[in-house]
Structures are given as C-alpha cells and as structure tokens.
There are 2 protein chains.
Amino acid sequence: MDGKKEVTIYDIAEKLDLSPATVSRGLKDHPAIRKETRKRIKETAQLMGYQNNLFASNLRAKKTNTIGIIIPRINSYFMSTVISGIEHVVNAQGYSLIISQSQETFEKEIKNATTMYNSRVDGLLVSLTYTTENIQHFEALLRKRIPIIFFDRVFDDPTCTNVVIDNTKAGYDATMHLLEQGRRRIVHLCGHLTRNTYADRLKGYRMALQDKGIAYDESLVIVNPLNEAGGIEAAQKFLQLDIRPDGIFAANDSSAVACMQELKIAGIRIPEDVAIVGFNNDPIARVIEPNLTTIHYPGYEMGQIAATTLINTIHNSRTSPINTLVLKHELLVRESSSAK
Amino acid sequence: MDGKKEVTIYDIAEKLDLSPATVSRGLKDHPAIRKETRKRIKETAQLMGYQNNLFASNLRAKKTNTIGIIIPRINSYFMSTVISGIEHVVNAQGYSLIISQSQETFEKEIKNATTMYNSRVDGLLVSLTYTTENIQHFEALLRKRIPIIFFDRVFDDPTCTNVVIDNTKAGYDATMHLLEQGRRRIVHLCGHLTRNTYADRLKGYRMALQDKGIAYDESLVIVNPLNEAGGIEAAQKFLQLDIRPDGIFAANDSSAVACMQELKIAGIRIPEDVAIVGFNNDPIARVIEPNLTTIHYPGYEMGQIAATTLINTIHNSRTSPINTLVLKHELLVRESSSAK
DNA sequence: TATTGTATTGCAATCGGTTGCAAATATTGC
DNA sequence: GCAATATTTGCAACCGATTGCAATACAATA
C-alpha cells in the first residue's frame, strides 16, 4: 500500500505455496489448473493488488496489444471524428491506441513510422500527407508482417488494405449536380494532386463535364492547401477570371466556406450568381448562409471499419484478402446550389 | 531480411566478438566504452537492422516513455486542438501518446484509468466527464507516484496540477460585456454544474450581475448538454419566457450557434432583440451570421503547457509544486453582441 | 497389489536489455 | 622493469510472465 513494492506472480506463488507457473496459468483460466486453485489464486491476486506487468507479457508474447495511428493532423472535424470511431473499436477490443501527427510533412511521417516500429505496434492505421509519394518508410513494418491499413488518404499497394470512399464518383456527383442546376462554367478547388482523394475528385469532375459535353478548362482548376487561407485566395482568383464562372466545386468544406464568405463580401450572390458544392459535411456547412451543399463523408464509420478490419487481420495473422473497402457517400443538397 | 528473425544485441555482440553488455552500453553512448568501439557497435547495429526492444528495456527500467490521456470525446474542435498541442510536445520529447475516450460516462472513465494503470504510463493527462465527482479511480496511479495533470475540466486535489483558464473571470467578462451593451435580462446557457468549467462560468455570470446591481433570476439559467440539440432546446425555452430576455451568454459556441439559428427562424433579430456571447472561439463563430462574440480559449497552448508540465514533473520525479496553472483568455467582440 | 490413465503442479529455460561488480588490459610514473 | 592507476570489457544476476516437458498425486482398472 505504500506505493513502493510491485506485486508479482512470485509474491502470490509464495503466499499460496505454489509455483509462479501455476499462478500464471491460474490467472488466465488455464484448464490444467484445478478450479478451486484457480479461484484461490485469483482471490489472492485481487487481495494483494496484483497488476499484470504488460512488458513482461509482451516480451514473451512478442505482442503489444497496441495499435498505432499516423495522420497529418488531429485537429480537423473530419479527422477527429475518424479517430473517435477508431478509438471506440480499438478500446472495446482491448487494444491501446498510440497517436502521432505527421503535420503534413513527409519527414515527420517517416519519423513516426520508425517510432511505431520501435513501439512494436501490432498494427498500423495511416492517412498519408498531401505529398507522400511512396511507402518505403513502412517497409520495415511490412517485412515483419505487421498489417497496415490506409484510410482516406491512401496509397495503392497490393500488400495493404485501403478504406476509402469513391472519390471519383463523389466528384462526379458533385459536379453533375451543379451541371444539372444549369451551371456550365464550374471552378474546381482542389488539393495536392499527389494524393488519391484530390486526384480522384478531379477525375470525377472531368468525367461529369465530359458526360455533359463541356470542354475541360484547366484554368478553372485551382490547386491549394484547402484551408481558410486557400479558400480566400481561391475567391480572389475567381474574381479575376475574365468570364465569370457560375459554379464552384470545392474539395472540402472549410475552403468552400472561406471562399463563400469572401465572395459574399465582393457582392456575389449565392446561389444566384454562383452555385457552390463542398465536401465533407462539416458542421460549418449547416451554419454558413446559404447552407452549403456538400458530400457527406462517413468519418466515424470509416474509423470503425478501418479499425475492425485491422484487428481482424491481426487475429488472422495473415494479410487480408481485401484490397480496398469503399464506403458509401451521399450528396446533401442545400441552398448553396439551387437553380439560378 | 526475411522478416522472421529479430536482431538483438546478442547478435551484434557475436558478430563483433564482444559481450552483450558492451553492446548495450555502446549503443547508448556509455562513457566507459571506448569511442572507437562505440562507433563500430553503432555501425554494425545499423547495418544489421537492429531495433531496440522497448519491452525488454521497459521491463528493466520500469519506465515506459508513454503518456496517457483520458478525455470525454476527441471529436470536438476544442478537444482535438488541445490534443494536437499535447501530441506536439509529447512526441518532440520522445514519448508516445496513448489516447482513450470516456464518452462522458463515469464508468468508462474508471475503466480507462485502470487500462492506463496497467499500461504503466509514466504520466497521465485528464479532462473529466461532466459528472465525475471524485478521483478515487486515480488513486492507484497516485499511490505509485505517477503524476496526473488535469486540464480544462479539472478536480481540486492537492496532489495534482490543474491547467485551466479563469472561468469565473471569463464568465464575468462575457456577462459584463453584455451588460455594458445595455442588456439587462440575460439568459445563461450552461453545462452540468458538477464540473468546474460550468460552475465557475455561472459564478462569473452572477458576479457581473451583482456588480451591476441586477438581481439573479434562477429561471434564466438553463442547464443542458451544450450540444446542438441543447442549443435548440434552449431557444425554445427562451421563446416561452414571459418577459423576453435581451441577452444570452452560452457556455460554448456550438450551443450558442444552434440557439441563434433557432431564434433567427423564430424571427428574433440578433443583436437588435437579443445579444449573444458564446465560449471557445470555434471556427463556426466566424461563420454564423452575425458573427458570434465569444471567449477565446487557447486550446493548443493549453495542450502544450499541460504536456510540458507533466513531462517536467516526470523528470523531476517528485510532485510539482505548482497546484494550478491559469492561462489567459480573451473576449472577442463581434457583431452578435453589438449595442441595441 | 500392480498397472495404466488422468488430473495437477513444478522445473527451468526463455523473451532482450540493463547494470553492479569484477576482471582484463592499457597507460603512467618512478 | 614493476607497481599503481586508469581505461575497457565481461560475467552474471536481474526485470516478470510464459510454456514445453517432466514429475507428482490420485483414481480407476485389471
């Protein structure tokens, strides 16, 4: 009780005049130990305030019951929602969750991967930075058969499972919706094209244009960091275009909202002059006026599914046969994209 | 290279014809090892792809280099920002971060505390649930001299350090601001009063009223979960009051915004009919129209400071002499609270 | 009673790194 | 050249739980 001494199975063994081996087995209900002995062991353990030493166990078992997660940033609505879903599943399954941020830089992502490797995580969940172009930094883990699941911002690799939405389809849906509202000249605000999420949304945008027989105009695609500053900057570019567009499809809500606010200040009417569609369904989408049409993106579920899949893979101790898991998305039509 | 064999210091020792002890010392720059030997050891380690086994180290050192964090929910703007700050410091200092959510329930908080104890974290960062009334579930950790720092939602205990803002003063500032705009009948939308954050903000609200010689009217205080539903509900109660209030001070932004939206639908003009002040400075505060006056709450810094203090305490291996650390807050005046 | 079978429990090695102390080697001084 | 000191390195015992195999106890069968 004085906080100095740590109770071990040896202490219990001594007290009960048994061997540590028996105590160890008794504590985990090994059938070879007589029921009554098991009960005595457990009671004594409880009484003496015994706590299993995970290091000793892990050292033997070569397992950590720990799952790692590497993401660009925690503090976005979408990402914190995903993590919440992950944590829910992971904790319910008796694993711990170690989190690290790559701060959107490749170097930090590499460092984090090394740390995770050293921490001997049993599995890893990763959402890549904008600019990650290869996954060599995960090689060490993969060689040791530690399963890695990429979610949202993924990398195509035959040994890993990806959990995503169909970004191409979503980009198509968003753009087609604008086209169906009679919009013809549509700006696309998108992120770094190295990353699947943005490359695919752009692809969908182009496909929708093509299906409607509208020529693709590269000058209407604005690549930027998709944050508040990016949205404002995009609005300024928008205002300088010779022929003013009548639609905007932004690859996330925060840039869409920032852009909207800037356009409103400039006297542009939404949706009369410009119809806008965002992406993510952040809470701000229902606060901005007019409310923002957007693609609903199931973050919590994505987290749950990624975590569940990872844990299953760990238990089966073989690479999952699933290569890609595609979740449903949904276009939520609100006032920002009504007909002219 | 085939992913089966793990390189240990024994392998390195054998290869260099040294003892494992020398290798162990060499790897961590023990001065008793000749510089040249150290270099050889490190090079060989690198070459063979050696990775330190943390369990073995931890088992001996009885340290984990891991910090735990227990919070009600990850997925709020404020909390994810705090965590981001924590992660930044913790990772820079070479620690890992284990996260768990109490989902705002006392039972889960107890379970999480036990898990953290079993994981042998070196220190713990905690933000309590609405209803936590004692900290007996942290006793086991405290007895083992594992430092705990509470942040934001804290509990007064002489053995722990708290990192907070002056909620009483902030509540006072917010209320006084409304009073100075000529508002006289002010509703206070607040959370569960067991928690310091809300109890103190209410206290500040009352003090401001008193300083202006206005009687405290209990019917104007609405206690609710401070989420979107809570904000809407509060708006409905507001609309049913006999004498309509002319000000609202909400204890967070999301409920304030939800409430505003509902009031706007009911035809109430903001700020003409009702002036509103929120709390937290969430991004939505600058999106809602009119922009929401609010208390800026330094989440990222709070996380950094809590983590830094914790790590210092761990290094000094004695309880910190600091009992409470109070951060600055700031009233940001926007359109939602202009004079009538 | 001797033998075979079954239920319990213990022995001892193992996981991989750390560290007090002793031993071996190198360096210095006289 | 030899003792004395300083520099390097190794031995072996930990840290605490796990587990294959052996050993013991006890019951059942011939």
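This is a short talk on how two protein chains and two DNA strands are arranged in a predicted model.

Let me begin with the DNA. Around DNA strand C there are 27 residues, and the closest of them are A:Ala21, A:Thr22, B:Thr8, B:Ala21 and B:Ala56. If we ask which elements supply at least two residues each to the surface near this strand, the list holds helix H2 (20–27) and helix H4 (54–61) from chain A, and helix H1 (9–16), helix H2 (20–27) and helix H4 (54–61) from chain B. The largest share, five residues, comes from H4(B), and by type the surface near DNA strand C divides into 13 nonpolar, eight polar and six charged residues.

Turning to DNA strand D, we find 25 residues around it, with A:Thr8, A:Ala21, A:Ala56, B:Ala21 and B:Thr22 as the closest. Here the elements giving two or more residues are H1, H2 and H4 of chain A, together with H2 and H4 of chain B. It is H4(A) that gives the most to the surface near DNA strand D, with five residues, and the residues of that surface comprise 12 nonpolar, eight polar and five charged.

One residue of helix H1 in chain A deserves a brief remark, namely A:Tyr10, which sits within residues 9–16 of that helix. Is A:Tyr10 buried or exposed? It counts as exposed, because there are 11 C-beta neighbours inside 10 Å, and the cut-off for that class is 12 or fewer. From its C-alpha atom to that of A:Lys111, which lies 101 residues away along the chain, the separation is 39 Å.

That brings me to helix H6 of chain A, residues 106–118, whose 13 residues reach 19 Å from the first C-alpha to the last, close to the 18 Å expected at 1.5 Å a residue. Buried in H6(A) are A:Glu109, A:Asn112, A:Ala113 and A:Met116. Because these residues cover an arc of only 105° around the axis, they are on the same side of H6(A). As a general point, an α-helix has 3.6 residues a turn, so residues three or four places apart point the same way. The buried residues of H6(A) pack against strand S1 (66–71), strand S2 (96–101) and strand S3 (123–126) of chain A, and just after the helix A:Arg120 takes a positive phi of about 55°.

Next, the contact between the chains, which takes 37 residues from chain B and 37 residues from chain A. On the chain B side, two or more residues come from each of H4, helix H5 (77–92), strand S2 (96–101) and helix H6 (106–118), with H5(B) giving the most, seven residues. That side divides into 16 nonpolar, 14 polar and seven charged residues.

H5(B) itself has 16 residues, which should span 22 Å at 1.5 Å a residue, and its end C-alpha atoms are 23 Å apart, which agrees. Since 14 of those 16 residues are buried, H5(B) is largely enclosed by the rest of the structure. Just after H5(B), B:Gly94 takes a positive phi of about 80°.

I will finish with the interior. The largest nonpolar core has 171 residues, and those with the most contacts inside it are A:Leu125 and B:Leu125. Leaving aside residues up to four places away in sequence, B:Leu125 touches B:Ile67, B:Ile69, B:Ile86, B:Ile149, B:Phe151, B:Ala306, B:Ala307 and B:Leu310. In soluble globular proteins, nonpolar side chains tend to be buried together.

Methods. Residues numbered from 1 in each chain as written. Chains lettered and ligands numbered in written order. Predicted model: local features only at pLDDT ≥ 70, side-chain atom pairs only at ≥ 80, totals over all residues. Near = placed C-beta within 6 Å. Helix = DSSP H or I, 4+ residues; strand = E, 2+ residues; numbered from the N terminus. Nonpolar A, V, L, I, M, F, W, Y, C, P; charged D, E, K, R; others polar. Buried ≥ 20, exposed ≤ 12 C-beta atoms within 10 Å, placed from the backbone. Expected span 1.5 Å × (residues − 1). Arc of directions from axis to C-beta. Contact = placed C-beta atoms within 7 Å. Core = buried A, V, L, I, M, F, W, Y, C linked by C-beta atoms within 7 Å.
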